[in-house]
Structures are given as structure tokens and as C-alpha cells.
Number of protein chains: 2
Amino acid sequence: SGRFARRMSRRGPWAALAAHPVRLVVLGFSVTVAVTTMLLLVPAATEPGRTTSVLTALFTATGAASGALSVVDTGTHWSTFGELVVMGSVQMGGLGFMTSASLLGLLVSRRLGVRIRLLAAVETQSFGLGDVRRLVRAVALVTFTVEAVVAAVLFPRLWLSYDRSPARAAYESVFHAVTAFNNAGFSLYPDNLMGFASDPVIILAIAGGAILGGLGFPVLFELRHELRRPRAWSLHTRVTLLGYAMLTVAGLAAIAAVEWRNSATLGEHGVGGRLLTAFFASVTARTAGFNSIDYAQADPATLLITDVLMFIGGGSASTAGGIKITTFMILLFAILAEARGDETADAFGRQIPSAALRQALAVALLGVALVVAATLCLLLATEHTLDMVLFEVMSAFGAVGLSTGITGELPAFGQCVLIVLMFVGRTGPIAVASALALRERRKLYRLPEERPIVG
Amino acid sequence: SGRFARRMSRRGPWAALAAHPVRLVVLGFSVTVAVTTMLLLVPAATEPGRTTSVLTALFTATGAASGALSVVDTGTHWSTFGELVVMGSVQMGGLGFMTSASLLGLLVSRRLGVRIRLLAAVETQSFGLGDVRRLVRAVALVTFTVEAVVAAVLFPRLWLSYDRSPARAAYESVFHAVTAFNNAGFSLYPDNLMGFASDPVIILAIAGGAILGGLGFPVLFELRHELRRPRAWSLHTRVTLLGYAMLTVAGLAAIAAVEWRNSATLGEHGVGGRLLTAFFASVTARTAGFNSIDYAQADPATLLITDVLMFIGGGSASTAGGIKITTFMILLFAILAEARGDETADAFGRQIPSAALRQALAVALLGVALVVAATLCLLLATEHTLDMVLFEVMSAFGAVGLSTGITGELPAFGQCVLIVLMFVGRTGPIAVASALALRERRKLYRLPEERPIVG
Ligand SMILES: [K+]
Ligand SMILES: [K+]
């Protein structure tokens, strides 16, 4: 395939990149961050009377493109132009990540469902420009459709029930639809979504956008084309849906149990409002990053539960971060197989290849190592306690964006640690898993196997 | 083998237990804890003027038998009789654990070195009474030899340099030699070993005992018989020694770097004393549990570093706890293999079987789940911060016994959580790994493989 790579490289830099798709993830993300940083440094991006340092612009750009933390309050610090830059960066980050991760997922998985494989020529283990175009078009179609529906639900509610002008309501609807589907958690309100905590229309619309974005493009694509034929769903889709449901229910139950009587979080609402808020807290931890409760006032146990959810994250090739649901589920299936004494891990009547298990293991353990190292750095650089630091680190690694409020107070070194962590947390798991899978040397074949995307 | 089990059970309860060796670990540990609890409840075990609750006796018995935490100060609370009961429990716990874990290790690993396999008839996957007797004798010989040497080094130093009567010096020497080799961390001094922090004779003698105990019986046995033929060492011995050295050096470097100028911990000593203290802190975290620094005054980063070391623990079939060094090293080798794109993990010219990898994965992930669950319980039950709670949980799970001091202040529920955690942390990894390995159904054989003990 050295000949093939040479032929590709004669066809220009785009094609060369497509032939080494892992680079696409890192390069695309870097370009988005760089452009956003420069735009945010334009004086008109900042509200009058405020100034933007290079570090603040870089942090905000990395946070927006990865859909994670912000260091200043979006509505207060940035002008409308600045807000649009942030929104554009969120949108570009989401589109770029879903596209490149889908490309990699297609390369790695030979059995990802017939329809999605038809999008690209996966047999050659590389892509031409045409494949990339088709994928971008499909990703963009799904993205804009979902965002339009979410905005269409938010608009009349904000206009009619919250005393906004039609123009302002439209602007806020689009902004939050974009940040919801892209799991970015950026909001125009200083208290994020706490003011809407008990409004089921707003909360469920945003949760719906975040869930669809967090399932990942391969799942959405398959659901769109095969919604009524569950038997045709790929293992990847089944595992992602099962894992998403399990984690959401477990997170809801655990957060509700811990916070039920805490008047600073759930306790201020009625029973329905408490369940709605706990549901949203569970969804948002994986990994939308909106908050309808004040995490600085939550029980440390809630922070730890949320840490776990943030670390796991959302679906592969989704707008969410973390080690990814399939990674977690593969490890879970492997443990269940061990407990039964089986040599192979099975799920939904398929055997999970041991190569996938080893990739899941590598992604999860590298994630743990990264989180421990970043936590150590922040513990040394600040006076904050472990629960606060760990929460911020998990939020950055998982591209979540929840915060107990310490991000804004961190010294420059601490902010740099979080910037690196957001970058690596966003690009790392998929790049690691795919790089490992693509270079894998196959020696043995077993027959009835199917591999979910890892990372 | 149903016929075989019936024939064994006709040969009495001992033989039946030996045929189901996983039960030996749990049963032996339970009996040791129960007897110790009853003896500690005898009024003569407590110093005059003090009283011992059932919970305190149970906690101390579990802590002593697993070599982990204590809830009262040993020298102040217990009379000399009580101290002897504690020492006996430590000794019984160590002997019992090393024996039963060695039995299981022999069953699981068919390639654990020729000499150690000659101790038992491993071909049948079960043991007769004679095998158990031979093993107990070999374990006891190693134990008492090392303890005698450590006590012989401590005795003249305590007698001549620390103003003890010969009888008192002998008593203290034996007590600390026993708790050192058994990695129990119980000391007769209210400040544990902080008073000896810069005395290289005392510190190195105790560290030596703790290291030998923490390597595990299979390694000690092989080193004793094949010390001059490193080429004959089994993969288990090589991996354990490499991992022990790596972790000790990394722990020393990290703790020294963080605490170098902290006058409440390392900073009070000269350069040599700082290195000695950092070395001891690194050794003791894996998992002796003595402290020569005050962890309540250490940097949170040091607590986190120590958390990681405590979770990993010592060698298999050793007196130490944790998920075990080989478990950690197997996962490390697997990740390195993934990074190279290899399908199999190799170490020292041998292939690590994928079954061992899956067991290591199960042990490590179940350990993580247990630690997270216990941390949640303690966060809910107390007002302590995450760094304090996590440190205590890791210390209990890893059978370490280091404490920031909160164990004594925990409510009854919190103490019960730690008791369960010490019990499961002690018996769990080996029981889980062995149960999994023993029921494994072998379908495929590849040729040049060798399996270290996991858990
Ligand atoms: K997010
Ligand atoms: K210990």
C-alpha cells in the first residue's frame, strides 16, 4: 500500500490527509481552535469595558471546539459577535469531530451496518475526497435537522413564556439548540439553565438535542434508515443504546437518592421537578455540560457519581467526550464473560473480538492515567480540595463543561493543564483507539465476529 | 471430577476444603477474625480504665488479620495480652493468606517454576492434606526466618540506642518484625514510626521485612532455591521483581518531589533523611502501612500518589494487599503491546495468555468498582472531604493501614464499611482471579505461553 499512499499524495494534501485519517482529527481540531482564538481576540468580540487575554481566548476556543469548559461567563464577557464566534466554533468542533470519528469508525469496523458502510469505500482502509464529501454531507444533514427541531421547540416557549422579543427568542433558541446537539454546555445565562430547572419544555428539548448528539453519528444514521427494523441494527448501535439507557437510569437514580432532600439542589422542586432535574443532571453528565443545579452546593457523593458518568462519556463519533459508552460496555461484557467462565465476550448474539477488548482496555487505562496526572498537576498548582479538582479534570477530559466554579479562579498553569486535557480528552481516545486498530496485524480469523467502535 | 470430589469429601472436611481451595481463603480468614475478636473482648486484653466495644474488637481483628487499619492506638488501648493477641492475629492472617493464595496460585499456574511445583501435585487441579502440610511448612519456615533476622537487627538498636530494658527491646523487636514481614503496619508507638524516621537501621530493617513479605511466597521460594540462576526464574518472579522495583522508584521520586520542602513531612530532615523517608513512604504504601511521616500534614498530591500505590499493592500470595503487582504489570504489558500493534502481550520472551489478561482486567475493574462504591458510602456517612475518604478507602482495600486519622472518628456505619472493605479487599482479588481461572474452559492451545498469578 506504499504505492497507494504515493498515488494518493499526488492527488493533493486533502487526499493525503484522508489516507491517514487519524491526522484529520488532530489537524481539524487544531485549525478550529486556532481560528476561533484569533477571532475571539478581535476587540469587537468582547463586551465594551472588558479585555480578553490570549489565554482566555485560547481556553474559550478549546473549550468551545471540544464542547467543554469555559473560563468566563459567555453572555457577560463576549459581545454578540463573540457569542456567534463561540457558537460557530461549537458547531465546527461538533461537525468536524463527528465526521472524522465516523471516518475512523468506518475504517476500523468492517461490520458497522450495511447502510453506513455504503457511505464509503472501506475495503481499501483509506478514503478518497468523495467519501469525505459524502460523509460531511450526511453528518451536516443530521446535525442541522436536529438543531432545527430543538430550536423550533425552544423558540415559542422563550418568546411566549419568558418575555423575550421574537428576535432575542430566536437568537437564544438557535444558540442553545447548537450547544445542546453539540454537547457543548455553553449557555447565554450566568446561571446556565438553573432558571429553567423545572420547565419541562425547555429542559426536555435541550436534553433531547443533547441525547441525540451524544449517541453518535453512526447510531443516528442507522436509526434514521432502519428505525423500524431493529433486527438489522448493528452491534455498535445496540450496545450504544443499551449503555446509554443503563447509564442514564443509574445516574438518575443515584443523583436523586443523594440530593432528594438537599434544598440547594433538588429539594427546592416538587416530586416531578426533582425527577426532571435528576434526569437532566444524569443526561448532562454524559456529556452535555449544561447544569440545572449548582454543583458547588451538591453533595460530594453527587460530584463523584457525576465524575464517573463524565469519564465514561457518550457514544463513539458523537459530539460527546469521555472514553465512550462502547468502551465501557465492552469492558463490562468482558467481566461478565469472565464471571461465567467463558473465553470470549458475547453481546446480542455476537462475539466481541479480543482486539476490541484490548483497545477498550488501552483507551480506559490511558484515560485513567491522564486523569490522575492532570489531577496531580492541579493539586500541586492550587489550594483546592481533591473533590473540586477531580470534578474539573473529569469535566475537561470528558469534554463536559460542568464546573464547581474553580475554573475561572485557576492560575495560568492550571488553565493550561485544562486546555491540554480538553485537547487530549477530545482527540485522544478516538485517535488512540483508531491508531491501534489500523496498525493491528491480523494473524488469525475466527468467523462470527462483530466489532463495535472503541474510543 | 464429580467422582473425585465425592472421594475427597469422604476423606473429611479438610480434604473437601482442599478440593475447593477458594473457600480456604475466605474460611481461614473468617475463623482468624472471629477468634481474634473474642480474645480481644476478654477484659484482660484492654488496658485498665478503658473499655472495648464489640465493633472496636471486630474492627481491630479484621484490621490485624488483613494487616490493614486500626481504630484505636495499639500501645495505648490494648494491654500486653491484647497486644500479643493482635500480633498473633497478624501472624495467623499472614501465614494463612500466603498459604492459601500460594495453593491457588499453584492450581492456576502450570508454569510457576519447577521447584515450587514440586511442593504440590498440581496436575489434578486439587490438593490433598499432604500438599497443604508441605506448603504450610515451607511458608512458615520462610516467615519465621525473615522475622528472626529483622528482630535480630532491631533488638540491639532498640536496647542500646533507645534506652529500652533488654526485655522491652526484645518484645518490641519481635512485635515489629512480625508486623513488618506481615505488612500489617501495627506499631506499639502512638506516632507509629515517626520517631525513628531518620534512623537508617530501624527503617531499613523494617523496610526489608516489609519488602520480603510483600514480594510473595512464590517469589521468595524461588529466590531461595534459584538465587544464583536468574535464567531459571519463572515469569511470575521476573514480573513481580520488575514491577516492585519500578513502583518503588517511581513512588520515591514522586513523593520526594512533592514533599521535599514540606517542613511537616520530609523537610525536617537532611538530604539523606529525606531520601530515606521518601523511600520508606514508597515501600510502606505497597502495602506495609507503617508511617514515618504524618499523612494528615502531607500535600493532597502525596495522598493521591499513595492512593495509586496502595491500590496496586504488593506481590501475589504475599502478605500485602491491593490488586497485586502482576495484575498491574499485565495490564501495562497489554497496553504496550497495543501501542506496538501486536496481537499478544509479551514479557521476558514469553507470551502472556489472553486468559490472564482478562483476569487482570476483571480484578482491576472490580477493584475500581469496590473502591468507588465504598467512597460513595463514606462520603454520604461523614463530613470528610474526598481526599481524606479516598485515602482511607484505598488503605482499607489495599490492606495497607495508613490513615490520615479519620478512621478513629468514623461513625459505626463508616467503620462497618471499612471492615467489609478490608475483608473483601483481602480475600477478593485472589478469590475472584482464582475462581475465574479455575472454572475457565480451555478450547484453544497456543504453544509458548506462561501465566503469572493474577490477583
Ligand atoms: K460538553
Ligand atoms: K498493611
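**Exercises on aromatic pairs and helix packing**

In this predicted model, B:Phe423 is partly exposed, with a relative accessible area of 24%.

**Exercise 1.** Determine which class of burial applies to B:Phe29, and where its aromatic pair with B:Phe423 lies in chain B.

*Solution.* B:Phe29 has a relative accessible area of 6%. Buried means under 20%, so B:Phe29 is buried. The rings of B:Phe29 and B:Phe423 are 4.9 Å apart centre to centre, with 75 degrees between the planes. Angles over 60 degrees count as edge-to-face, and the pair is therefore edge-to-face. B:Phe29 belongs to helix H3 (residues 21–41) of chain B and B:Phe423 to helix H18 (residues 412–439) of chain B, 394 residues apart, so that the pair links distant parts of the chain.

**Exercise 2.** Describe how helix H15 (residues 325–340) and helix H16 (residues 354–381) of chain B pack, and which residues meet.

*Solution.* The axes of the two helices are 9 Å apart, at an angle of about 120 degrees. Roughly perpendicular covers 65 to 115 degrees and roughly antiparallel begins over 145; H15(B) and H16(B) are therefore oblique to each other. The crossing in which H15(B) passes H16(B) is left-handed. From H15(B), B:Thr327, B:Ile330, B:Leu331 and B:Ala334 take part; they meet B:Ala356, B:Leu357, B:Ala360, B:Leu361, B:Val363 and B:Ala364 of H16(B). By class, this contact comprises 9 nonpolar residues, 1 polar residue and no charged residues.

How values were computed. Residues numbered from 1 in each chain as written. Chains lettered and ligands numbered in written order. Predicted model: local features only at pLDDT ≥ 70, side-chain atom pairs only at ≥ 80, totals over all residues. Heavy atoms only, no water. Phe/Tyr/Trp six-rings, centres within 6.5 Å; stacked < 30°, edge-to-face > 60°. Helix = DSSP H or I, 4+ residues; strand = E, 2+ residues; numbered from the N terminus. Buried < 20%, exposed > 50% of the residue type's maximum accessible area, 1.4 Å probe, protein only. Axes fitted to C-alpha atoms, helices over the stretch in contact; angles between N-to-C directions. Parallel < 35°, antiparallel > 145°, perpendicular 65-115°, else oblique. Left-handed = near helix turned anticlockwise from the far one by under 90°. Contact = heavy atoms within 4.5 Å. Nonpolar A, V, L, I, M, F, W, Y, C, P; charged D, E, K, R; others polar.
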